[in-house]
Amino acid sequence: KLLNFTQPYTAKAPTAEQKANMRRAKILLMGDSWTQGGSASTLGSFFYSALTDLGGYFELVGMNKYPTPELDEHYIRHCGGGGWTVEKWQTAYNNNIKDKIDYDIAIIHIGLNDGYGDSDVELYAQRYDKLMADVFADHPGAIVYLVSVHEGELNPAYTAQLSEKVKLTAE
């Protein structure tokens with residue numbers, strides 16, 4: 001599934017009775033510095049706010065912790081790596097996530113750092129396909145959301161190709 005942050009979300013919060021019978025969903029946030037950072041503009045902050053506003057019963061899982069002492073332990077974990085490329089993510093996934101972190105939902109925002117400099121879109125596409133194939137094969141029951149790459153400081157043509165790759169994989 002492809003996430004669109006520009007569309008408003010609407011849902012009803014669960015009732016106290018429903019919440020009493022719920023299991024806490026395990027959510028893996030996997031991404032670059034937008035995921036890793038501890039500010040309000042990070043992927044973790046966005047999902048924490050959106051899900052708690054909706055009455056979500058969840059925990060964030062991952063190999064790292066956000067530096068936010070005001071939050072409960074259930075909400076501070078992530079798999080974010082500032083400056084990481086898809087190649088680095090493949091190694092991190094194999095060594096730290098694949099068989100070590102249990103999750104129900106994965107929200108993946110990677111590829112931005114592959115777009116700096118003289119980028120090879122075909123090589124990126126091959127690496128992205130391999131990593132996503134592993135993610136889907138290794139956790140067949142998980143729901144996986146792929147977040148498209150924003151333009152930022154990247155070459156617009158590269159960003160368009162990168163985002164198209166994410167959309168095709170999401171379909």
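This dialogue goes through the fold, a central strand, one helix and the salt bridges of a predicted model.

Student: How many helices and strands does the chain have, and in what pattern do they follow one another?

Tutor: The model is predicted, and what I say rests on that. There are 6 helices and 7 strands. Along the sequence they come in the pattern β-α-β-α-α-β-β-β-α-β-α-β-α.

Student: What share of the residues is buried, and what share of the contacts is long in sequence?

Tutor: Buried residues make up 41% of the 171 in the chain. Among contacts with a separation of 6 or more, 73% join residues 24 or more positions apart. The exposed area of the chain is about 9300 Å², and 50% of that comes from carbon and sulfur atoms.

Student: Take strand 2. Which strands does strand 2 pair with, and in what sense?

Tutor: Strand 2 covers residues 25–31. Strand 2 runs parallel to strand 6, with 5 bridges between them. With strand 3, residues 58–61, the pairing is also parallel and has 4 bridges. A parallel pairing with strand 5 has 2 bridges.

Student: Which residues stand opposite glycine 31?

Tutor: In strand 6, histidine 109 is opposite glycine 31. In strand 5, glycine 80 is opposite glycine 31. For the pairing with strand 3, look at alanine 25, whose bridge partner is phenylalanine 58.

Student: How many residues of strand 2 are buried?

Tutor: The general idea is that side chains in a regular strand alternate between the two faces of the sheet. In this model 5 of the 7 residues of strand 2 are buried, so strand 2 is largely enclosed by the rest of the structure. Lysine 26 counts as partly exposed because its relative accessibility is 24%, and the cut-off for buried is under 20%.

Student: What does lysine 26 meet in a salt bridge?

Tutor: The side chain of lysine 26 meets that of aspartate 102, at 3.4 Å from N to O. Aspartate 102 sits in the loop between helix 4 and strand 6, so the pair ties together parts 76 residues apart in sequence. Aspartate 102 is partly exposed, at 48% relative accessibility.

Student: How many salt bridges are there in the whole structure?

Tutor: The search finds 4. One of them joins glutamate 87 and arginine 127 at 3.7 Å. Glutamate 87 belongs to helix 4 and arginine 127 to helix 5, 40 residues apart. Both are partly exposed: glutamate 87 at 44% and arginine 127 at 28%.

Student: Where do aspartate 138 and lysine 98 lie, the pair that meets in another salt bridge?

Tutor: Their side chains are 3.9 Å apart, N to O. Aspartate 138 is in helix 5, whereas lysine 98 is in the loop between helix 4 and strand 6; the two are 40 residues apart. Aspartate 138 is partly exposed at 28%, and lysine 98 is partly exposed at 27%.

Student: Helix 4 keeps coming up. How far apart are its end C-alpha atoms?

Tutor: To read this, set the end-to-end distance against the span of a straight helix at 1.5 Å a residue. Helix 4 has 12 residues, and its ends are only 14 Å apart, short of the 16 Å expected when straight.

Student: Which residues of helix 4 are buried, and what do they pack against?

Tutor: They are Val86, Trp89, Gln90, Ala92, Tyr93 and Ile97. These buried residues pack against strand 2, strand 5 and helix 5.

Notes:
Residues are numbered from 1 along each chain as its sequence is written. This is a predicted model: local features need pLDDT of at least 70, side-chain atom pairs count only at pLDDT 80 or more; totals for chains, interfaces and linings use all residues. Side-chain values use heavy atoms; hydrogens and water are left out. Buried means under 20% relative accessible area, exposed over 50%, partly exposed in between (1.4 Å probe, protein chains only). The expected span of a helix is 1.5 Å times one less than its number of residues. Contact means heavy atoms within 4.5 Å. Accessible areas come from the Shrake-Rupley method with a 1.4 Å probe; for residues, only the protein chains shown count as cover. Two strands pair if DSSP finds at least two bridges between them.
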